[in-house]
Amino acid sequence: MILADKIIYLRKKSNWSQEELAQQLNVSRQSVSKWESGLSIPDLDKIIKLSQIFGVSTDYLIKDDIEELPKSNQYYEAEIITEEDYPECTSISLEQATTYMSFIEHSAKYIAMAISLFILSPIPLIFLAQYAETANSKITEDLAVGLGTSILLFFIIVGVAILIVFGLQASEWEFIEKNLLNLEYGISGIVEKKKQQYKKQFSISITSGVTLCILAVIPLLVVTGFNPSDMTVIIFVNILLLLISIGVFLIVKACIINSCYNKLLQTGDYTAKNKIFNHNIQAITTIYWCSITALYLYISFTQYNWDKSWVVWPIAGVLYAVLVNIVKLILKRK
């Protein structure tokens with residue numbers, strides 16, 4: 001690990017921004033940014049100051065062959081990961097990092113579209129089934145249900161196909177999420193810069209997506225207060241699903257792209273310890289979400305409650321967060 005990467009690593013472990021570190025060193029944020037991107041190196045007095053701030057030796061900062069933090073380090077002793085804990089460590093070249101980021105940025109919109117198709121899939125079925133019951137309908141109820149179900153299955157097939165195709169392509173990059181990474185010189189700075197550039201777009205997408213999901217139910221609530229016809233209610237149910245699908249698209253796409261930067265930088269949910277935890281909980285996660293999907297399809301098909309069954313997903317998301325924290329507590333006690 002080179003000096004630039006060590007500064008990034010130590011700064012993030014302290015939960016400091018570049019601006020906060022710069023203030024402690026009496027330098028500009030741009031200076032810290034240049035150090036972390038490898039465009040320049042701090043002078044000797046700043047290296048000494050860095051060692052004092054982070055509680056590490058100057059040898060650790062300067063010498064590339066010293067990789068581990070000292071056991072006495074007050075900030076990071078709990079974060080030291082030994083080879084016994086997690087033996088796999090992979091070096092990442094600039095070409096690999098660039099190719100990976102390009103692939104994720106390209107595939108994110110297709111994966112998000114696949115998730116949106118699952119939400120949109122019942123719209124034709126709901127509309128056609130209700131339309132068949134109206135006085136002016138020119139199609140029978142059986143035909144409407146058959147046609148609507150066919151479109152629903154087509155949407156699901158397309159969505160699943162997209163996930164399979166990009167899932168297979170992404171399989172060659174699984175090691176980035178699972179293994180400990182050793183980024184070559186200057187890569188951390190490049191990835192950090194791209195992450196900062198995407199930060200504004202990420203915030204806009206998440207805010208817009210969440211807002212759409214919340215506002216989606218308002219038109220339906222308003223129209224129900226006017227004693228509407230069944231067809232009017234169905235139309236607004238479809239509008240609800242449409243708005244939610246757009247919101248989910250924005251959220252999923254933004255999260256996928258942002259997570260690829262975190263995976264390379266090994267921050268957030270992808271720190272060394274979290275990678276070990278994610279590896280341990282992977283089987284539980286697979287079983288959980290497969291069960292939720294089965295429950296969603298069962299409720300929707302058996303009770304014909306497509307306008308209400310979507311609630312399964314936000315509830316499942318909240319319960320998953322609870323499940324993860326329970327498992328963390330159990331593993332921590334062990």
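Okay, let's start with Tyr100, which is buried, at a relative accessible area of just 3%. Keep in mind that what you see on screen is a predicted model.

So who sits with Tyr100? One partner is Trp173, and that residue counts as buried too, because its relative accessibility is 11% and the cut-off for buried is under 20%.

Now, how do we talk about two rings like these? A pair of aromatic rings is described by the distance of the centres and the angle of the planes. The structure has 8 aromatic pairs. For Tyr100 and Trp173, the centres are 5.4 Å apart and the planes meet at 50°, so we call this pair tilted. And here's what I like about it: Tyr100 belongs to helix H6 (residues 94-120), while Trp173 is in the loop between helix H8 (141-170) and helix H9 (174-178), so the pair ties together parts 73 residues apart in sequence. Phe175 joins in as well, making one aromatic cluster with Tyr100 and Trp173.

Next pair: Phe127 and Tyr131. Stacked or tilted? Their planes are at 5°, with the centres 6.3 Å apart, so this one is stacked. Both residues are in helix H7 (residues 122-131), and they're 4 residues apart, about one turn of the helix. Phe127 is partly exposed, at 33% relative accessible area, and Tyr131 is partly exposed too, at 28%.

Last stop, the surface. Which residues make the nonpolar patch there? Leu215, Ile218, Val222 and Phe226, and together they give about 400 Å². Leu215 is part of helix H10 (residues 187-215), and with a relative accessible area of 41% it's partly exposed.

That's my tour, thanks!

Technical notes. Residues are numbered from 1 along each chain as its sequence is written. This is a predicted model: local features need pLDDT of at least 70, side-chain atom pairs count only at pLDDT 80 or more; totals for chains, interfaces and linings use all residues. Side-chain values use heavy atoms; hydrogens and water are left out. Patches are made of residues with over 30% relative accessible area and no salt bridge: like charges are joined within 9 Å, nonpolar side chains (Val, Leu, Ile, Met, Phe, Trp, Tyr) within 5 Å. Accessible areas come from the Shrake-Rupley method with a 1.4 Å probe; for residues, only the protein chains shown count as cover. A salt bridge is a side-chain nitrogen of Lys or Arg within 4 Å of a carboxyl oxygen of Asp or Glu. Helices (H or I, at least four residues) and strands (E, at least two) are DSSP runs, numbered from the N terminus. Buried means under 20% relative accessible area, exposed over 50%, partly exposed in between (1.4 Å probe, protein chains only). Rings of Phe, Tyr and Trp (its six-membered ring) pair if their centres lie within 6.5 Å; planes under 30 degrees apart count as stacked, over 60 as edge-to-face and the rest as tilted.
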